[in-house]
Amino acid sequence: MSLMEALQWRYAAKRMNDGKVPRQSLDSILEAVHLAPSSYGLQPYTVLVVEDPTLRERIRCAACDQPQVSECSHLLIFATWTEVDGRHVDELIALTAAARGLDPKELEGYRQSLHAAVAGFATPEGRHHWAARQAYIALGTALTAAAAERVDASPMEGFDPPALDALLGLEEKGLRSVVLLALGYRDIGRDRLAGLAKVRWPRERVVLEWSGV
Ligand SMILES: Cc1cc2nc3c(=O)[nH]c(=O)nc-3n(C[C@H](O)[C@H](O)[C@H](O)COP(=O)(O)O)c2cc1C
């Protein structure tokens, strides 16, 4: 299946059939998350993978009772780091130097500009929104990777982040949930959206071939 066929095939399944996503497919999707690009390469988020059905049932209560939370195979929770500071920058610089066989001194100018960037958020909320945008890039990458694996993926903002964070003790871990992704298999019999035509604005409304002012 081509990438375009996969993107046509995918939809946000509302009902899933409890089928298990094989480890190999799950790993491909998680590796796509791992490889997602981010601002400065800081990847200021953690993705929690929840398989345990009992825990997913409890999470469903904090997620507007959406059935896909308990009917999926694995639930991914995209959570931003509540702190992003100079320590992360220094770690990233050390990692970059090691990965590319560089002397960290060669990256000093870059290190300083990254320090300025992470210190430059006006408020913690502003930093959170920046981190959330990075997490959403990983979400989009996961959606595409899931389609390529023929795994259904249902993104969800319909949940109560503070309630979920309290349930999982995320605040203590320096995390804040922003979006969920249920991975599994569509239940064609029960999902009223299965097989329906895609609904998108006309392409020229979404994409403008810009030819000047
Ligand atoms: C960030 C995000 C959050 C979403 N949250 C929910 C949700 O909480 N519940 C739900 O049923 N669908 C949710 N959706 C699914 C969208 O409604 C769906 O992607 C959109 O209608 C386009 O349809 P399609 O993905 O099936 O092609 C969400 C989608 C995205 C990208």
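Colleague: What makes Trp201, Val206 and Val207 a nonpolar patch on the surface?

Modeller: In this predicted model, a patch takes residues with over 30% relative accessible area and no salt bridge (a side-chain nitrogen of Lys or Arg within 4 Å of a carboxyl oxygen of Asp or Glu), joining like charges within 9 Å and nonpolar side chains (Val, Leu, Ile, Met, Phe, Trp, Tyr) within 5 Å. Trp201, Val206 and Val207 form such a patch, with about 330 Å² of accessible area together, by the Shrake-Rupley method with a 1.4 Å probe, where for residues only the protein chains shown count as cover.

Colleague: Why is Trp201 called exposed, and where is its place?

Modeller: Exposed means over 50% relative accessible area, buried under 20%, and partly exposed in between; Trp201 has 58%, and therefore counts as exposed. Its place is in the loop between strand E4 (175-184) and helix H9 (203-206), helices (H or I, at least four residues) and strands (E, at least two) being DSSP runs numbered from the N terminus.

Colleague: Why is Ser2 called partly exposed?

Modeller: Ser2, in the segment before helix H1 (3-9), has 35% relative accessibility, so it falls in the partly exposed class.

Colleague: What makes H5 roughly antiparallel to H6?

Modeller: Helix H5 (residues 86-100) and helix H6 (residues 108-119) pack at an angle of about 150°. Because angles over 145 degrees count as roughly antiparallel (under 35 roughly parallel, 65 to 115 roughly perpendicular, the rest oblique), H5 is roughly antiparallel to H6.

Colleague: Which residues does the model rely on?

Modeller: Local features need pLDDT of at least 70, side-chain atom pairs count only at pLDDT 80 or more, and totals for chains, interfaces and linings use all residues. Residues are numbered from 1 along each chain as its sequence is written, and side-chain values use heavy atoms, with hydrogens and water left out.

Definitions and conventions: Buried < 20%, exposed > 50% of the residue type's maximum accessible area, 1.4 Å probe, protein only. Axes fitted to C-alpha atoms, helices over the stretch in contact; angles between N-to-C directions.
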